[in-house]
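Work through the two exercises below with the model open beside you, and attempt each task before reading its solution.

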Amino acid sequence: MAFPQHIIARKRDGHALTREEIAEFVRGATDGSWADYQLSAMLMAVVLRGMTAQETAHYTEAMMRSGVVADLASVKLPKADKHSTGGVGDKVSLHLAPMIAACGVAVPMISGRGLGHTGGTLDKLESIPGFRVNLPLDAYRAQLERIGLALIGQTADLAPADKKLYALRDVTATVESIPLICGSILSKKLAEGIDVLVLDVKFGRGAFMKDKAKARELAQALVSVATTMGKPTRALLTAMDEPLGRAVGNALEVVESIECLRGRGPADTMEVTYALGEQMLLLAKVAVTKNEARAKLQQVLQDGTALEKFRELIAAQGGDARVVDEPERFPQAKFKVPLVATKGGYVTEVDAMGVALAALQLGAGRAKAEDTVDHAVGIGELVKIGERVEVGTSLAVIYANDEESLADARGMLAKAIVVTDGVPPATRLIDEIVG
Ligand code: URA
């Protein structure tokens with residue numbers, strides 16, 4: 001067994017580490033045999049020196065095996081999941097998962113909470129009264145056998161090395177490393193028990209990766225490592241300059257997802273939903289062509305089976321499924337105040353980061369991991385880039401629970417939405433499919 005300092009020195013000097021050395025490092029993070037300063041030094045060495053494709057695959061595998069890997073052999077359907085690197089107003093998982101399950105593909109989805117400017121699927125689900133996200137793995141498996149769908153939070157025994165290393169990365173300026181991100185994301189996703197995976201790698205102002213070239217590099221690394229590990233994977237590169245859809249905030253986004261399940265979702269949200277869903281059905285081999293996959297997805301929206309699946313999911317996890325038909329059962333904000341246009345013209349900018357920070361100010365997200373979220377607040381009925389507005393037209397509705405945050409959010413939102421005389425150029429939402 002090599003000493004930690006010898007393995008750190010080899011990476012510091014730019015060598016490719018062996019599978020055993022990487023396993024030693026990950027074991028050190030899991031069982032506490034490496035001190036935090038040694039783990040941190042190693043993380044920084046990886047940031048500065050990088051990892052080869054082979055090292056990244058070894059690292060991901062060791063991270064995945066640092067805890068339990070769910071065995072879903074008892075779930076007879078093909079199993080597909082989708083993961084987004086995080087955006088603003090990105091509620092796609094909430095309605096896509098029941099759509100896919102309604103198409104006969106099981107969706108074992110283990111999600112995270114929102115942190116910083118991006119929202120988290122678990123927080124959104126918890127805006128449904130009674131909804132439980134903390135299911136043990138046995139209950140998760142049983143629910144998947146029964147209804148083909150489970151959306152839960154990370155359990156303590158799933159990829160524990162990532163929990164340790166992510167916390168260190170957050171405070172040692174070592175988050176921005178493609179091999180480390182790859183190991184972090186895939187270790188959790190591959191431990192869920194999936195057969196195939198589709199990734200939504202976002203780039204732009206409201207994304208974690210602002211730069212498209214970097215996002216493409218990450219998408220390629222994720223696809224290549226997951227595929228090497230025997231899980232057919234594809235990634236979509238999607239733009240995240242303006243929020244997805246018209247709602248940002250937990251309950252508001254669930255309500256918008258229900259609209260998507262009723263076939264009335266915003267065009268941009270549905271474009272991303274269909275594109276991801278098509279790839280999930282193709283990889284899961286329940287459709288042979290994109291057209292066939294799209295037709296199946298449209299069918300489960302039209303005949304109501306996807307919405308019914310969502311009701312089943314809510315009931316299975318202890319939630320009040322009546323919210324689907326009675327949105328007033330969601331937590332309600334005290335103030336609902338429109339922001340009106342002071343100038344006519346075309347909306348040329350809805351800065352996703354600005355909108356996210358306004359929602360954060362209202363209490364919809366967390367600045368620190370231990371913060372609590374207010375499920376009722378956020379921004380709704382947002383205008384979209386390219387829309388024409390007149391003086392006095394509502395640009396958005398602010399849902400707030402106190403006057404101070406309302407005033408602050410209003411100022412932030414007014415700066416994030418830009419109206420000018422010229423029609424903005426059309427941009428592509430889905431830039432590329434990798435894999
Ligand atoms: N999301 C993760 O889960 N891990 C990373 O390293 C980055 C984003």
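**Exercise 1: the second largest pocket**

Task: In this predicted model, determine which helix and which strand each supply at least two residues of the lining of the second largest pocket, and then describe that lining by class.

Solution: Begin with the secondary structure elements, where helix H12 (267-283) and strand E7 (345-350) each supply at least two lining residues, with E7 giving the most, namely three residues. Next, consider the space itself, which amounts to about 490 Å³; 22 residues line the pocket, and the closest to its centre are Asp-241, Glu-242, Ile-385, Thr-427 and Arg-428. Sorted by class, the lining has 11 nonpolar, three polar and eight charged residues. Finally, turning to the domains, at least three lining residues come from each of domain 2 (80-324) and domain 3 (332-420).

**Exercise 2: the ligand shell**

Task: Establish which residues are around the ligand, and how much of its area the protein buries.

Solution: List the shell, which consists of Tyr-166, Arg-169, Ile-181, Ser-184, Ile-185, Lys-188 and Phe-208, and by class has four nonpolar, one polar and two charged residues. Helix H8 (160-171) and helix H9 (178-190) each supply at least two of these residues, and the largest share, four residues, comes from H9. Then examine the distances to side-chain N or O atoms: an oxygen atom of the ligand is 2.9 Å from one in Arg-169, a nitrogen atom of the ligand is 2.6 Å from one in Ser-184, and an oxygen atom of the ligand is 2.6 Å from one in Lys-188. As a last step, take the ligand alone, which exposes 240 Å², and note that the protein buries 86% of that area.

Notes
Residues numbered from 1 in each chain as written. Predicted model: local features only at pLDDT ≥ 70, side-chain atom pairs only at ≥ 80, totals over all residues. Heavy atoms only, no water. 1 Å grid on protein atoms, 1.4 Å probe; cavity = no way out; pocket = protein on both sides within 12 Å on 5 of 7 lines; lining within 4 Å. Points joined across faces, edges and corners; volume = space filled by probe spheres on them. Nonpolar A, V, L, I, M, F, W, Y, C, P; charged D, E, K, R; others polar. Domains from an automatic or database assignment. Near = heavy atom within 4 Å. Polar contact = N/O pair within 3.5 Å; in protein donor to acceptor, adjacent residues only side chain to side chain. Areas by Shrake-Rupley, 256 points an atom, 1.4 Å probe, with all protein chains shown as cover.
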